[in-house]
Amino acid sequence: MKGIFIAYNQAYNEEIVQLLEGLGQRGYTVWSEIGGRGSVDGEPHLGNHAWPTQNHALFTAVDDAIASDIMKAVKETDEANPKLGLRAYLWNIEQAY
């Protein structure tokens, strides 16, 4: 089992969920209205008057068989709109219940 954490610009709200559902992933947890700033470039997303946009984040535990498909789809989404901000991180889940 793999864990995928996705941090993304609020503009991607529906698109990220549709991406997961389209690949057969049903379960996830979302955190909304979070701030952040990317490590490479782009503007901060802090939800204030100077930087009004915000980020959301999502975590999902997936079968190994679809983890790479999800990561590839997220990367393609980011490459289509690089200024919005979208990052995904994949790691092993040792145990879940």
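1. How many bridges join strand S1 (residues 2-9) to S3? There are 8 of them, and S1 and S3 run antiparallel. Strands count as paired if DSSP finds at least two bridges between them. Strands themselves are DSSP runs of E with at least two residues, while helices are DSSP runs of H or I with at least four residues, and both are numbered from the N terminus.

2. Before going further, a word on what you are looking at. This is a predicted model, in which local features need pLDDT of at least 70 and side-chain atom pairs count only at pLDDT 80 or more, while totals for chains, interfaces and linings use all residues. Residues are numbered from 1 along each chain as its sequence is written, and side-chain values use heavy atoms, with hydrogens and water left out.

3. Now the overall plan. The protein has 2 helices and 4 strands, and from the N terminus on the order is β-α-β-β-α-β. Its radius of gyration is 14 Å, close to the 13 Å that the globule rule gives for 97 residues, so the protein is as compact as a globular protein of that length. That radius is taken over C-alpha atoms, and the globule rule is 2.2 Å times the number of residues to the power 0.38. Along the principal axes, the C-alpha trace spans about 40 × 30 × 25 Å.

4. Next, the inside and the outside. Of the 97 residues, 30% are buried; buried means under 20% relative accessible area, exposed means over 50%, and partly exposed lies in between (1.4 Å probe, protein chains only). The accessible surface comes to about 6,500 Å², and 49% of that surface belongs to carbon and sulfur atoms. These areas come from the Shrake-Rupley method with a 1.4 Å probe, and for residues only the protein chains shown count as cover.

5. Contacts are worth a look too. A contact means heavy atoms within 4.5 Å. Among the contacts with a separation of 6 or more, 72% are between residues 24 or more positions apart.

6. Back to strand S1, which has another partner. With strand S4 (residues 86-92), S1 shares 7 bridges, and these two strands also run antiparallel. You can find tyrosine 8 opposite leucine 86 in S4, while asparagine 9 has asparagine 55 as its bridge partner in S3.

7. Phenylalanine 5 is a good residue to click on in strand S1. Phenylalanine 5 counts as partly exposed because its relative accessible area is 26%. Leaving out residues up to four places away in sequence, phenylalanine 5 touches Trp31, Ala57, Leu58, Phe59, Arg87, Ala88, Tyr89 and Trp91. Alanine 88 is 83 residues away from phenylalanine 5 in sequence, yet their C-alpha atoms are 5.6 Å apart.

8. Where does glutamine 54 sit? Glutamine 54 is in the loop between strand S2 (29-34) and strand S3 (55-62). Glutamine 54 counts as buried because its relative accessibility is 18%. Apart from neighbours within four places in sequence, its contacts are Tyr8, Asn9, Gln10, Glu33, Ile34, His45, Leu46 and Gly47.

9. Two residues from that contact list deserve their own visit. Glutamine 10 lies in the loop between S1 and H1 and is partly exposed, with a relative accessible area of 30%. Besides Gln54, glutamine 10 touches Thr53, Asn55 and His56, not counting residues up to four places away in sequence. Between the C-alpha atoms of glutamine 10 and histidine 45 there are 9.2 Å, with their positions 35 residues apart along the chain. Glutamate 33, found in strand S2, is exposed, with a relative accessible area of 59%. Its phi is positive, at about 55°, although glutamate 33 is not a glycine.

10. Finally, try arginine 26 in the loop between helix H1 (13-22) and S2. Is arginine 26 buried or exposed? Arginine 26 counts as exposed because its relative accessibility is 75%. From arginine 26 to threonine 60 is 34 residues in sequence and 8.8 Å in space, C-alpha to C-alpha.
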